[in-house]
Amino acid sequence: MSAPEDINARQKPAVATTGSGTNVILATRQLTKKFGGLTAVDDVDFEVNRGEIRCLIGPNGAGKSTLLNLITGKLSPSEGDIYFDGNDLTGLDPHERIDTGLSVKFQSPHVYENLSVKRNLQVPLQRTDRNVDRVMAETLEQIALTEQADTPAGDLSHGQQQRLEIGMAITLDPELMLLDEPVAGMSVDETADVADLITSLHDDGMAFLVVEHDMEFVREISEQVTVLNQGAVFRQGPIEEIETDEAVRRIYLGENA
Ligand SMILES: Nc1ncnc2c1ncn2[C@@H]1O[C@H](COP(=O)(O)OP(=O)(O)OP(=O)(O)O)[C@@H](O)[C@H]1O
């Protein structure tokens, strides 16, 4: 007779889940976050492929920010694991995660208002051995702020500040960028600029995981969409399929559809 199975022992997937031989850059396995009696993220197996733009959508309280915060390390999971490019991130602090090639830009700009655009870009560059002058020039051009290089960040428009913060993230040449509502509060023109920036970085091979409510913007940038509801994955697929899915339309896109 075989040994009785330990029903409490959860099998960990091999770290190779997201290793260099696979197309998956980020994977969560049985990821769960409980706040007291509330399960905000519930047993989520979720993946982002190399070089793809994946948007995470869902109604208020669906668990999108909590999932993102678990991936960045701002929150610790109650259960489950997070793998990034062959590394088990679960026990790493946020800075150690950034050193593995994960980059994050949150909803509101976190630029240094008293420093010039250039000096802001120099802050993350101190963490790397990349050629500062070359990366600086390239980044200023990518975020369309070359003319504002010496302008204090506090004098930039909201859209320019958001682009600067994306610029700070891309100086580290991340494989995957996490964006939490990158166009919240932006004008139509500013939103279009950010969409252009994301698609051009994507053309250069960068992967994105974007939490977003603005469905116009999701349509503009997204290849793959994951719909979260009540902490669990409800649907995943190309934007065209998600948008025409009756249950998704009825329940999740509601006022935005
Ligand atoms: N620190 C916390 N303590 C207790 N409950 C929390 C905490 N953070 C989030 N929650 C709860 O967890 C659930 C998921 O919240 P979360 O912010 O992740 O949802 P969301 O999909 O990002 O929502 P929104 O679109 O409104 O930002 C909600 O019920 C929320 O009230």
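Begin at the ligand of this predicted model and display the shell around it, to which β2 and α1 each supply at least two residues. Selecting F35, L38, A40, G58, N60, G61, A62, G63, K64, S65 and T66 shows the residues that surround the ligand, and by class they divide into four nonpolar, six polar and one charged. The largest share of this shell, three residues, comes from α1.

Select helix α1, residues 64–72, next: the helix lies across β1 (24–35), β2 and β4, and runs at about 65° to β2.

From there, turn to the strands themselves, where four of them form an open antiparallel sheet in the order β2-β1-β4-β5. Because β2 (38–49) and β5 (87–88) stand at the edges with a single partner strand each, one side of each is left without a neighbour in the sheet. To follow the pairing at the β5 edge, select β4, residues 79–84, which pairs with β5 in the antiparallel sense over two bridges; here Y83 has D88 in β5 as its bridge partner.

Now move to strand β7, residues 176–180, where five of the five residues are buried, so the strand is largely enclosed by the rest of the structure. In a regular strand the side chains alternate between the two faces of the sheet. Colouring β7 by face places L176, L178 and D180 on one side and M177 and L179 on the other, all of them buried.

Finally, add strand β8, residues 207–211, which pairs with β7 in the parallel sense over five bridges, with L178 standing opposite L209. Including helix α6, residues 188–203, completes a right-handed β-α-β unit made of β7, α6 and β8.

Key
Residues numbered from 1 in each chain as written. Predicted model: local features only at pLDDT ≥ 70, side-chain atom pairs only at ≥ 80, totals over all residues. Pairing = 2+ DSSP bridges. Helix = DSSP H or I, 4+ residues; strand = E, 2+ residues; numbered from the N terminus. Contact = placed C-beta atoms within 7 Å. Axes fitted to C-alpha atoms, helices over the stretch in contact; angles between N-to-C directions. Near = placed C-beta within 6 Å. Nonpolar A, V, L, I, M, F, W, Y, C, P; charged D, E, K, R; others polar. Buried ≥ 20, exposed ≤ 12 C-beta atoms within 10 Å, placed from the backbone. Right-handed = clockwise from strand over helix to strand, strands pointing away.
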